[in-house]
Amino acid sequence: MSRKLTIEEALKSQGFYMSTTVGVSMFPLLRNRRDTILIRPVTEPLKKYDVPLYKRGNNYVLHRIVKITQDGYVICGDNCLQKEYDVTDQQIIGVLSGIQRGEKKIDMDGVRYKLYCRLWVFLYPLRCSLKRVAAKLKNGIKRIIGNGI
């Protein structure tokens, strides 16, 4: 019985890693267990808006670079409020280079994708505010319902 290759082993031996996504941190770009992603080794310096795959402890994380600093990258999932600071090149395993949604391939070099990336990062403060307001409303409604009012 052959064992399954790790992501690092697949990148080294095959030059790519392909899998379905797991999780909602990159929604709406990536849909949980529905979209297929292609990860390739990093061959050039990463830029703002790239989506590296890196390790946080024993977990693999696929999030977007929102800023580059002297100490590393500031990274955040498209569906996350928390930014992660000082992610270094040593932590990065590969970079997202392809997305397949059903029969449709998302053109990561296309205008629509590039516009989405820039708009999504630009709207981060507004998205954070809206998520916080929605959470407060949800908690308020739960309290009202819970009190039988």
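This report walks through the overall build, one sheet, two pockets and some unusual backbone spots of a predicted model.

**Overall build**

The protein has 149 residues, and 36% of them count as buried. Its C-alpha trace spans about 60 × 45 × 35 Å along the principal axes. The secondary structure comes to three helices and nine strands. Follow the sequence and the pattern reads α-β-β-β-β-β-β-β-β-β-α-α. One helix therefore comes before the run of strands, and two come after it.

Now look at contacts across the sequence. Take those between residues at least 6 apart. Of these contacts, 51% join residues at least 24 apart.

**A three-stranded sheet**

Strands of a sheet pair through backbone hydrogen bonds, and the pairing can be parallel or antiparallel. In this protein, three strands form an open sheet in the order S5-S6-S7. Their pairing is antiparallel.

Which strands stand at the edges? They are strand S5 (64-69) and strand S7 (84-87). Each has a single partner strand, so one side of each is left without a neighbour in the sheet. On average, neighbouring strands of this sheet are turned by 30° against each other, with direction ignored.

The pairing of S5 can be followed in detail. Five bridges join S5 to strand S6, which covers residues 72-76. The two strands run antiparallel. Thr69 stands opposite Gly72 in S6.

**Two pockets**

The largest pocket has a volume of about 610 Å³. It is lined by 25 residues, and the closest to its centre are Lys47, Asp50, Leu96, Met108 and Asp109. Three elements each supply at least two lining residues: strand S8 (92-101), strand S9 (104-106) and helix H2 (111-122).

The second largest pocket holds about 330 Å³ of space. Its lining has 17 residues, with Thr21, Val22, Ile37, Leu53 and Leu62 the closest to the centre. Strand S1 (17-20), strand S2 (35-40) and strand S4 (59-62) each give two or more residues to this lining.

How do the linings divide by class? The table sets them out.

| Pocket | Nonpolar | Polar | Charged |
|---|---|---|---|
| Largest pocket | 12 residues | three residues | 10 residues |
| Second largest pocket | 12 residues | five residues | no residues |

The lining of the largest pocket thus includes 10 charged residues, whereas that of the second largest has no charged residues.

**Unusual backbone spots**

Most peptide bonds are trans, and most residues other than glycine have a negative phi. Some spots in this model depart from that pattern.

Start with the loop between S1 and S2, where Pro28 has its place. A cis peptide bond joins Phe27 and Pro28, with omega at about 10°.

Arg33 lies in the loop between S1 and S2 as well. Its phi is near 60°, a positive value in a residue other than glycine. Is Arg33 buried or exposed? It counts as exposed, because its relative accessibility is 58% and the cut-off for exposed is over 50%.

Asp86 sits in strand S7, one of the edge strands of the sheet. The phi of Asp86 is near 60°, again positive in a residue other than glycine. Asp86 has a relative accessible area of 40%, so it is partly exposed.

Methods
Residues are numbered from 1 along each chain as its sequence is written. This is a predicted model: local features need pLDDT of at least 70, side-chain atom pairs count only at pLDDT 80 or more; totals for chains, interfaces and linings use all residues. Side-chain values use heavy atoms; hydrogens and water are left out. On a 1 Å grid over the protein atoms alone, a cavity is a set of points where a 1.4 Å probe fits but cannot get out, and a pocket is an open set with protein on both sides within 12 Å along at least five of seven lines; lining residues have an atom within 4 Å of a point. Grid points are joined across faces, edges and corners, and a volume is the space filled by probe spheres set on the points. Helices (H or I, at least four residues) and strands (E, at least two) are DSSP runs, numbered from the N terminus. Ala, Val, Leu, Ile, Met, Phe, Trp, Tyr, Cys and Pro count as nonpolar, Asp, Glu, Lys and Arg as charged, and the others, Gly among them, as polar. Two strands pair if DSSP finds at least two bridges between them. Axes are lines fitted to C-alpha atoms, for helices over the stretch in contact, and angles run from 0 to 180 degrees between N-to-C directions. Buried means under 20% relative accessible area, exposed over 50%, partly exposed in between (1.4 Å probe, protein chains only). Contact means heavy atoms within 4.5 Å.
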